[in-house]
Number of protein chains: 2
Amino acid sequence: MAKGEVDHMRIGELSERTDTPRRLLRYYEEQDLIRPRRLPNGYRDYDPRLVDRVLQIRGLLDAGLPTRLIRQILPCLDQPRSIHFPDATPEMLALLEHERDRMTQRIACLSRNRDAVSEYLEAVRDGNPPRE
Amino acid sequence: MAKGEVDHMRIGELSERTDTPRRLLRYYEEQDLIRPRRLPNGYRDYDPRLVDRVLQIRGLLDAGLPTRLIRQILPCLDQPRSIHFPDATPEMLALLEHERDRMTQRIACLSRNRDAVSEYLEAVRDGNPPRE
DNA sequence: TCAAACCCTCACATAGATGTGAAGGTCAAC
DNA sequence: GTTGACCTTCACATCTATGTGAGGGTTTGA
């Protein structure tokens with residue numbers, strides 16, 4: 001515990017903290033979703049902020065977004081947003097708008113279906129009371 | 001055009017109406033998501049209500065649900081809901097509740113990220129006005 | 001009767017996310 | 001110094017949703 005660069009972690013700890021197999025952490029790196037540093041011995045060295053980032057990646061993957069798109073939208077999520085738009089080409093912006101709209105569609109579809117499931121469950125609870 | 005069973009369609013028409021490859025319509029049948037009748041010559045014969053069903057299936061697949069789960073929740077979506085809960089075992093209900101919760105999580109995750117993308121786009125629009 | 005446009009089944013291929021394990025280097029503790 | 005728990009890369013396997021096409025039957029209309 002010195003003053004400067006404390007608090008980093010290796011792959012095992014990140015894996016535990018995010019409940020994500022090491023294999024996938026390496027895969028996300030290969031897909032350019034995260035860019036860990038390397039220690040002098042070659043071990044990956046993760047900034048603790050990557051915990052949230054990995055959870056976000058997993059959530060998006062779970063929601064059906066492919067890594068290619070996640071790669072595009074991740075820069076939108078960086079904390080000091082003002083710093084990070086170096087080269088926002090019109091094509092990139094159009095792509096982001098399109099993806100935002102598709103996300104809205106997914107949300108609508110999921111909401112509709114989730115509500116239908118909820119209604120179904122309520123109907124069963126009401127019209128089909130447990131026999132105990 | 002007789003009196004009784006009009007309005008059915010073969011795979012080509014359903015494919016066009018739902019913008020879904022024939023291959024996938026057969027796949028959804030194989031996965032037991034839809035059950036078309038068969039004409040005497042062996043051709044599949046689809047009820048027009050399957051148009052909506054197929055669109056729903058595609059939406060859910062696109063939202064990251066595997067066919068196995070879609071198969072579970074589809075019965076919840078049938079129109080005369082009161083008719084269709086023949087054997088709602090407690091295990092099935094628990095599974096449905098669990099999946100409903102996971103859908104809620106997905107919705108939350110997607111919403112968060114979509115909002116972040118929106119904010120990013122607005123920030124770019126404001127702080128980075130187009131040079132024309 | 002022939003062609004075009006449908007339909008069928010079967011089967012192999014692909015792409016993306018993930019599982020699994022081999023072969024081997026590093027490091028801390030005993 | 002040896003062991004055990006880490007880490008590395010590489011590579012092959014798996015599962016799911018898809019693409020693609022071969023080989024062949026049916027229906028309709030010229």
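Trainee: Is D19(B) buried or exposed?

Mentor: Counting neighbours settles that. A residue is called buried if 20 or more other C-beta atoms lie within 10 Å of its own, exposed if 12 or fewer, and partly exposed in between, with C-beta atoms placed from the backbone. D19(B) has 9 other C-beta atoms within 10 Å, so D19(B) is exposed. Please keep in mind that this is a predicted model, in which local features need pLDDT of at least 70, side-chain atom pairs count only at pLDDT 80 or more, and totals for chains, interfaces and linings use all residues. Residues are numbered from 1 along each chain as its sequence is written, while chains are lettered from A and ligands numbered from 1 in the order in which they are written.

Trainee: Where does D19(B) lie?

Mentor: D19(B) sits in the loop between α1 and α2 of chain B. These element names come from DSSP runs, numbered from the N terminus: helices are H or I with at least four residues, and strands are E with at least two.

Trainee: What should I look for in the backbone of such a loop residue?

Mentor: Look at the sign of phi. Most residues other than glycine have a negative phi. D19(B) is not a glycine, yet its phi is positive, at about 55 degrees. D32(B), also not a glycine, has a positive phi of about 70 degrees. D32(B) belongs to the loop between α2 and β1 (37-38) of chain B, and D32(B) is exposed, with 12 other C-beta atoms within 10 Å. A glycine example is G64(B), just after α3(B), with a positive phi of about 95 degrees.

Trainee: How many helices and strands does chain A have?

Mentor: There are five helices and two strands in chain A, and from the N terminus on they run α-α-β-β-α-α-α. Of its 132 residues, 20% count as buried.

Trainee: How do I check the length of a helix?

Mentor: Compare the end-to-end distance with the expected span, which is 1.5 Å times one less than the number of residues. The 38 residues of α5(A) should span 56 Å, and the end C-alpha atoms are 55 Å apart, which agrees. For the 13 residues of α3(B), the expected span is 18 Å and the end C-alpha atoms are 18 Å apart, which also agrees.

Trainee: Which residues of α3(B) are buried?

Mentor: They are L50(B), V54(B), Q56(B), I57(B) and L60(B). They cover an arc of only 160 degrees around the axis (taken from the directions from the helix axis to the C-beta atoms), which puts them on the same side of α3(B). Their packing partners are α5 of chain A together with α1, α2 and α4 of chain B.

Trainee: How many residues does each chain bring to the contact between A and B?

Mentor: Two residues are in contact if their C-beta atoms, placed from the backbone, lie within 7 Å. By that rule, the contact takes 34 residues from chain A and 34 residues from chain B. On the chain A side, α5(A) gives the most, with 21 residues. That side has 19 nonpolar, nine polar and six charged residues; here Ala, Val, Leu, Ile, Met, Phe, Trp, Tyr, Cys and Pro count as nonpolar, Asp, Glu, Lys and Arg as charged, and the others, Gly among them, as polar.

Trainee: How are the two copies related?

Mentor: Copies are superposed by least squares on the C-alpha atoms of residues with pLDDT of at least 70 in both. A turn of 180 degrees and a shift of 0.0 Å along the axis lay chain A on chain B with an RMSD of 0.1 Å. The copies are thus related as by a two-fold rotation axis. In chain A, the C-alpha nearest that axis belongs to G64(A), 2.1 Å away. The copies meet through the same surface, because 100% of the interface residues of chain A are also interface residues in chain B.

Trainee: Which residues come nearest to DNA strand D?

Mentor: A residue is near a strand if its C-beta atom, placed from the backbone, lies within 6 Å of it. Of the 16 residues around DNA strand D, R10(A), G12(A), R44(A), P66(B) and T67(B) come nearest. Two or more residues each come from α1 (11-18) of chain A and α2 (22-30) of chain B, and α2(B) gives the most, with three residues.

Trainee: And which come nearest to DNA strand C?

Mentor: There, R23(A), N41(A), R10(B), G12(B) and R44(B) come nearest, out of 16 residues around the strand. The surface near DNA strand C divides into seven nonpolar, five polar and four charged residues.
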